[in-house]
Amino acid sequence: MDATARAAIVTDVAGPVDVRDYPLPRPGTGEFVLKVELCGMCGTDAHIYRGRLASVRFPALLGHEIVGTLAALGEGVTTDHAGRPVSVGDRVGVFPSLSCGRCYDCQVRRRPGNCPDRRPSYGFASPADRPPHLTGGFATHLYASNAGTVFYRTGLPPEVAVLQEPLSVALHGVERSAIRIGSTVVVQGAGAIGLMAVAAARTAGAARIVAVGAPGARLELAARLGADAVVGLGDGPEKRRQEIFDALGRDGADAVIGTAGSPEAFREALGLVADGGVLAELGNFTDRGAIPFNPYSDLLKRDITIAGVYGAGPDMQRRYHEALTILERGGRPYEQVVSHRLPLGRVREALEALGGGYALDGRDVVKLAIDPTA
Ligand SMILES: [Zn+2]
Ligand SMILES: [Zn+2]
């Protein structure tokens with residue numbers, strides 16, 4: 001195993017990113033060291049970078065969508081969490097958080113995400129200048145110091161395996177949206193989560209899927225991943241609504257999956273649901289304000305259901321595993337979703353691109369990933 005690791009450290013809120021060296025520890029019982037091959041970057045990383053997640057203190061090592069090969073195994077680490085044997089050199093996808101598995105929230109309510117004894121998640125632990133240092137994916141190595149960290153072995157290429165997290169969020173959304181065989185679906189927003197929602201809705205048996213978003217490159221990919229029709233943002237919500245209904249072939253969808261992430265988009269999504277249908281909202285993951293809402297005319301009179309979908313949900317470990325299984329089945333051009341693979345030295349640029357124009361190196365960003373081997 002290598003003696004040192006390099007990590008891209010965000011020094012302060014919206015501050016410079018330094019690439020620093022740390023000694024690589026030997027893993028203790030239940031721990032392991034991973035040689036990171038690829039780590040996805042998402043809106044959450046950009047929010048942390050902007051200081052919008054108070055629990056993360058700086059300097060910070062971000063990156064929670066982690067894929068790599070096992071570099072050293074501590075005592076007792078012999079299988080992945082699907083029970084398959086593992087050895088050094090195997091590629092795995094890592095689940096970033098670890099709950100206790102014993103408390104009321106873990107065992108009775110089955111909401112490990114609410115566990116009061118949850119260990120600091122990889123990519124969220126802080127500050128990075130204190131041991132165990134290598135707790136995020138934007139580094140050559142991850143020190144999985146939470147003994148019992150959940151991980152799954154996979155033979156997928158890293159650029160596909162890295163979609164495990166966004167697909168698990170989309171699967172949660174599809175489950176909450178009650179999509180079934182023959183459903184009509186609108187997926188609002190064509191970022192990584194929206195694209196994964198298109199693929200997940202198709203897998204769930206939707207009859208007709210309309211993807212709405214921008215820019216054109218993402219919509220083209222949405223079509224390749226399973227959308228029957230795509231609608232650009234065009235000239236405002238009213239015209240767009242009619243275009244969506246035309247593409248859907250009816251005035252309203254059985255299920256709308258909202259991934260666009262603004263209160264206005266949520267308002268618009270409500271208007272796309274057919275009477276009796278479901279709006280599953282994934283997009284407003286952080287507080288971006290309120291909207292007017294009429295309980296009678298927006299909800300009861302139309303007999304609709306609104307489901308809040310927070311990340312991969314209470315059954316995160318299960319969904320991570322399902323996501324990997326679906327990706328392994330293949331049949332869709334998942335390898336086209338990561339649009340940019342960037343070295344550790346470009347982490348700040350990548351974080352800035354996510355917060356701003358969504359373009360980098362003259363190309364539209366679909367999904368960014370950090371490749372510490374580059
Ligand atoms: Zn993420
Ligand atoms: Zn617990």
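The points below concern a predicted model and take up its two zinc sites, one hairpin, one helix and a few single residues.

1. Zinc ion (ligand 1), donors. The zinc ion (ligand 1) is held by C42 through SG, H64 through NE2, and E65 and E165 each through OE. The coordination distances run from 2.1 to 2.7 Å. Along the sequence these donors follow the spacing C-x21-H-E-x99-E. C42 sits in the loop between β3 (32–41) and α1 (43–49), whereas E165 belongs to helix α4 (residues 164–176), so the pair links parts that are 123 residues apart in sequence. C42 and E165 are both buried.

2. Zinc ion (ligand 1), geometry. What angles do the 4 donor atoms around the zinc ion (ligand 1) subtend? They range from 62 to 143°, and the arrangement is therefore irregular. Four donors would count as tetrahedral only if all angles lay between 85 and 135 degrees. Water is not among the atoms, so sites may look incomplete; a reader should keep that in mind for this site.

3. Zinc ion (ligand 2), donors. The zinc ion (ligand 2) has four cysteine SG donors, from C100, C103, C106 and C115, at 2.3 to 2.4 Å. Their spacing in sequence is C-x2-C-x2-C-x8-C. C100 is in the loop between β5 (91–94) and α2 (104–108), and C115 is in the loop between α2 and β6 (141–144), so this pair ties together parts that are 15 residues apart in sequence. With a relative accessible area of 5%, C115 is buried.

4. Zinc ion (ligand 2), geometry. Here the 4 donor atoms subtend angles of 107 to 117°, which makes the arrangement tetrahedral. For reference, the ideal angle for four tetrahedral donors is 109.5 degrees.

5. The β1–β2 hairpin. Strands β1 (residues 4–10) and β2 (residues 17–23) run antiparallel and are joined by 7 bridges. Among the bridge partners, V10 is matched with V17 of β2, and A7 with R20 of β2. There are 6 residues between the strands, and A14 in this hairpin takes a positive phi near 55°. β1 is mostly covered, with 5 of its 7 residues buried.

6. Helix α4. This helix has 13 residues, and the distance from its first C-alpha to its last is 18 Å, close to the 18 Å expected at 1.5 Å a residue. How many of the residues of α4 are buried? The count is 11 of 13, so the helix is mostly covered. The buried residues include the zinc donor E165, along with Q164, P166 and L167. After α4 comes A178, which has a positive phi, near 60°.

7. Q164. This residue is in helix α4. Its relative accessibility is 3%, so Q164 counts as buried. The side chain of Q164 reaches the backbone oxygen of Y320 at 3.3 Å. Leaving out residues up to four places away in sequence, Q164 touches G93, V94, Y152, Y320, A323, L324 and L327. Y320 thus appears both as a polar partner and in the contact list.

8. Q188. Strand β8 (residues 184–188) contains Q188. At 6% relative accessibility, Q188 counts as buried. A polar atom of the Q188 side chain lies 2.9 Å from the backbone oxygen of A265. Beyond residues up to four places away in sequence, the contacts of Q188 are V212, I257, G258, T259, A260, A265, E268 and A269.

9. A359. Is A359, in strand β15 (residues 359–360), buried or exposed? Neither label applies: at 41% relative accessibility, A359 counts as partly exposed. Not counting residues up to four places away in sequence, A359 touches A353, D364 and V365.

10. L300. Helix α9 (residues 295–300) includes L300. L300 is exposed, with a relative accessible area of 59%. From C-alpha to C-alpha, L300 and D275 are 9.7 Å apart in space, and they are 25 residues apart in sequence.

Terms used. Residues numbered from 1 in each chain as written. Chains lettered and ligands numbered in written order. Predicted model: local features only at pLDDT ≥ 70, side-chain atom pairs only at ≥ 80, totals over all residues. Heavy atoms only, no water. Donors = N, O, S within 2.8 Å, 3.2 Å for Na, K, Ca; no water. Tetrahedral: all angles 85-135°; square planar, octahedral: opposite > 155°, others 65-115°. Helix = DSSP H or I, 4+ residues; strand = E, 2+ residues; numbered from the N terminus. Buried < 20%, exposed > 50% of the residue type's maximum accessible area, 1.4 Å probe, protein only. Pairing = 2+ DSSP bridges. Expected span 1.5 Å × (residues − 1). Polar contact = N/O pair within 3.5 Å; in protein donor to acceptor, adjacent residues only side chain to side chain. Contact = heavy atoms within 4.5 Å.
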